Amino acid sequence: MMLSIFELVSLCLTLYIILQQYYNYYSVEVSSEAEAINEDTCCASCGIAANDDIKLKKCNACHLVKYCGVKCQREHRSKHKRECKKRAAELRDEILFKQPESNHHGECPICCLPLPLDAKKSAMMTCCSKTICNGCDYANSTREIEQNLGQKCPFCRHPTPKNQEETVKNLMRRAEANDPNALRQLGNRRLKEGNHESAVEYWIKAAELGDAGAHYHLHVAYRDGVGVEKDMKKSIYHVEQAAIGGHAEARHNLAYEEYRTGRIERAVKHLTIAANLGLDEALRMLRECYKGGRVTKEDFAAALRAHKAAVDATKSPQREEAEAKW
């Protein structure tokens with residue numbers, strides 16, 4: 001069947017458009033792959049390829065590009081700065097908004113149940129820096145009384161300190177071993193004594209060892225200017241580090257800050273994580289957000305279930321008995 005000239009021209013145009021689309025698609029794909037390979041094997045500034053003598057190092061902030069040296073990194077900074085800051089913020093948020101497996105107190109080393117958020121329901125042993133739940137501490141004390149035994153640590157069996165002097169001596173011994181719990185506790189003692197500068201020094205050492213509680217104390221210190229000059233940038237950094245480490249109150253503070261600056265979605269994320277860790281105040285604020293239409297029914301119901309599960313996980317017959325009798 002013969003085609004008219006009009007039909008032939010139309011068919012040719014259609015084929016041309018299809019071929020052009022295929023060409024554009026594959027050229028972009030090949031170009032993207034080539035760029036990715038180039039960024040991974042060549043210096044982003046001078047373009048020199050990596051070899052046995054030249055080792056490329058990734059940009060510490062964004063991990064997107066590599067450089068052969070500090071000079072090239074500095075020269076390329078003006079071109080890379082915007083993309084770098086954007087990617088670095090994305091990477092930071094990935095870490096920041098990840099749900100911690102447990103709160104910053106961790107588990108009781110004896111019963112292996114999660115420790116409650118309420119610090120009054122557990123105690124740190126100064127001899128070994130282990131935090132023991134009141135249930136295990138009560139059970140150990142009951143056994144010692146019944147068997148007429150001397151008082152010892154429920155975990156390491158070291159004799160309990162008889163006075164404050166022995167307590168401080170134990171803490172100092174643990175601090176010399178770079179124990180973050182002992183360093184944080186010494187900082188807390190210095191704060192009560194009114195020695196704010198010394199308290200901050202101990203907290204800084206504990207924070208460097210990854211202690212979330214020390215990060216939280218530093219957040220408050222830099223926010224209020226206690227022992228240090230006010231520095232909101234450092235305060236936000238430390239409260240974020242504490243939140244990443246499972247500190248529920250730090251999450252709550254971050255949520256308040258985000259809400260105050262109008263970033264509601266980020267505030268809700270922080271509140272959800274804190275509620276999932278068992279923080280009652282975070283759940284209360286989520287309820288208010290739900291009433292205001294800022295949280296869906298499904299998300300609030302999920303937070304309720306997670307909050308209940310976190311609180312129930314910290315309960316045991318021993319702990320309930322200790323709470324009733326102590």
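Helices here are DSSP runs of H or I, at least four residues, numbered from the N terminus. With that in hand, E258 can be placed in helix α9, residues 248-260. Keep in mind that this is a predicted model.

**How far to trust it**

Confidence first. The mean pLDDT of the chain is 90, and 90% of the residues reach at least 70. Broken down by element, helix α7 (residues 212-224) comes out highest with a mean of 98, while helix α1 (residues 5-41) sits lowest at 59. The stretch at residues 28-37 stays under 50 in pLDDT, and the model gives it 0 contacts beyond four places in sequence. Where pLDDT is low, the predicted coordinates should not be read in detail.

**Around E258**

Back to helix α9, which holds E258. What does E258 touch once its neighbours within four places in sequence are left aside? The contacts are R263, R266, A267 and H270. E258 counts as buried because its relative accessibility is 5%, and the cut-off for buried is under 20%.

**Cysteines and burial**

How many disulfides does the model have? The count is 0. C108 is in none: the nearest cysteine sulfur belongs to C111 and lies 3.7 Å away. A disulfide would need the two sulfur atoms within 2.5 Å, so the C108 and C111 pair doesn't qualify.

C108 and C289 are both buried as well. Here are the values, with E258 alongside:

| Residue | Relative accessibility | Class |
|---|---|---|
| C108 | 0% | buried |
| E258 | 5% | buried |
| C289 | 7% | buried |

Technical notes:
Residues are numbered from 1 along each chain as its sequence is written. This is a predicted model: local features need pLDDT of at least 70, side-chain atom pairs count only at pLDDT 80 or more; totals for chains, interfaces and linings use all residues. Side-chain values use heavy atoms; hydrogens and water are left out. Buried means under 20% relative accessible area, exposed over 50%, partly exposed in between (1.4 Å probe, protein chains only). pLDDT is the predictor's confidence in each residue, from 0 to 100. Helices (H or I, at least four residues) and strands (E, at least two) are DSSP runs, numbered from the N terminus. Contact means heavy atoms within 4.5 Å.
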